[in-house]
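Load the model in your viewer and keep a selection box handy. We'll hop between a few spots.

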Amino acid sequence: MRRSASELIPFLRSVPLLAGSGDPAITALARASRIWRVPKGQVLFQQMDPAEAVYVVRSGCIAILLGSPDGRELVINEMRAGDCFGELGLLTGQPRSTGAVAREASEVVAIPRDEFLAELEAEPKLMRRVLETTARRLRVSSERESALAFLEAPARLARILLQLDRQASTQGLIAIAQEELAQRAGLARQTVAKTLGHWRRAGWLLTGRGRIMLLNRAALRRQAEELE
């Protein structure tokens with residue numbers, strides 16, 4: 001969906017990745033961009049798709065997914081308003097290394113590859129911010145991969161729950177389906193259900209339809225550190 005450049009300019013100025021870019025760069029990006037409405041559950045792009053644009057979330061939430069050889073999907077990041085994603089494929093010229101799907105009804109600004117790369121070449125500060133953002137995400141990804149490689153399933157799950165608890169608007173009450181929790185932890189849904197059932201019987205948490213309430217964070221922290 002096309003919007004006028006004048007409408008997109010204030011939004012792009014507010015995007016952290018583009019902060020400090022000159023007016024000519026922001027204007028050029030705004031003129032080239034499109035706003036896409038992405039319904040909940042719709043795939044924005046899939047792993048191995050060609051990288052044809054960089055995206056900025058205008059509203060909603062976009063999950064970044066990594067597929068496994070056995071068909072499971074791992075949620076490696078979530079992008080919300082102001083977050084930019086998809087830049088790695090543009091920099092490398094390689095197909096998408098991950099997929100992206102809307103967790104809720106969202107709007108994203110799609111900046112075409114050629115226009116974005118042209119502004120990177122013209123704006124050294126923008127190039128530096130892109131490289132810093134990419135390096136930071138790669139570090140987080142490396143830490144996550146280490147956890148998945150060396151931690152047992154209960155420790156992985158406990159870490160995810162504690163992280164979601166810190167992010168929740170109502171602390172202790174986490175709105176998440178078991179399938180999504182399995183995606184985040186890189187586990188089979190049956191493993192997640194079995195582990196949650198064990199912790200529920202132990203009095204560590206309560207579960208409901210799409211809801212988890214933490215009751216014993218200390219026990220979960222010990223589990224996350226694999227001390228039990």
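Which exposed residues does the face of H4 turned away from its buried side carry? Select Asp 114, Glu 121 and Ala 122: those are the exposed ones there. Exposed means over 50% relative accessible area, buried under 20% and partly exposed in between (1.4 Å probe, protein chains only).

Before going on, some ground rules: this is a predicted model, where local features need pLDDT of at least 70 and side-chain atom pairs count only at pLDDT 80 or more, while totals for chains, interfaces and linings use all residues. Residues are numbered from 1 along each chain as its sequence is written, and side-chain values use heavy atoms, with hydrogens and water left out. Helices (H or I, at least four residues) and strands (E, at least two) are DSSP runs, numbered from the N terminus.

Now flip H4 (residues 113–122) over: Phe 116, Leu 117, Glu 119 and Leu 120 are buried. Their arc around the axis (taken from the directions from the helix axis to the C-beta atoms) is only 160 degrees, so they sit on the same side of H4.

Next, pick the open sheet of 4 strands, ordered S2-S7-S4-S5 with antiparallel pairing; strands pair if DSSP finds at least two bridges between them. S2 (43–45) and S5 (73–79) are at the edges with a single partner strand each, so one side of each has no neighbour in the sheet. Zoom in on S4 (residues 62–67) and S7 (residues 99–102), joined by 4 bridges. Ile 62 has Ala 102 in S7 as its bridge partner.

Last stop: H9 (residues 217–224), where Ala 219, Leu 220, Gln 223 and Ala 224 are buried.
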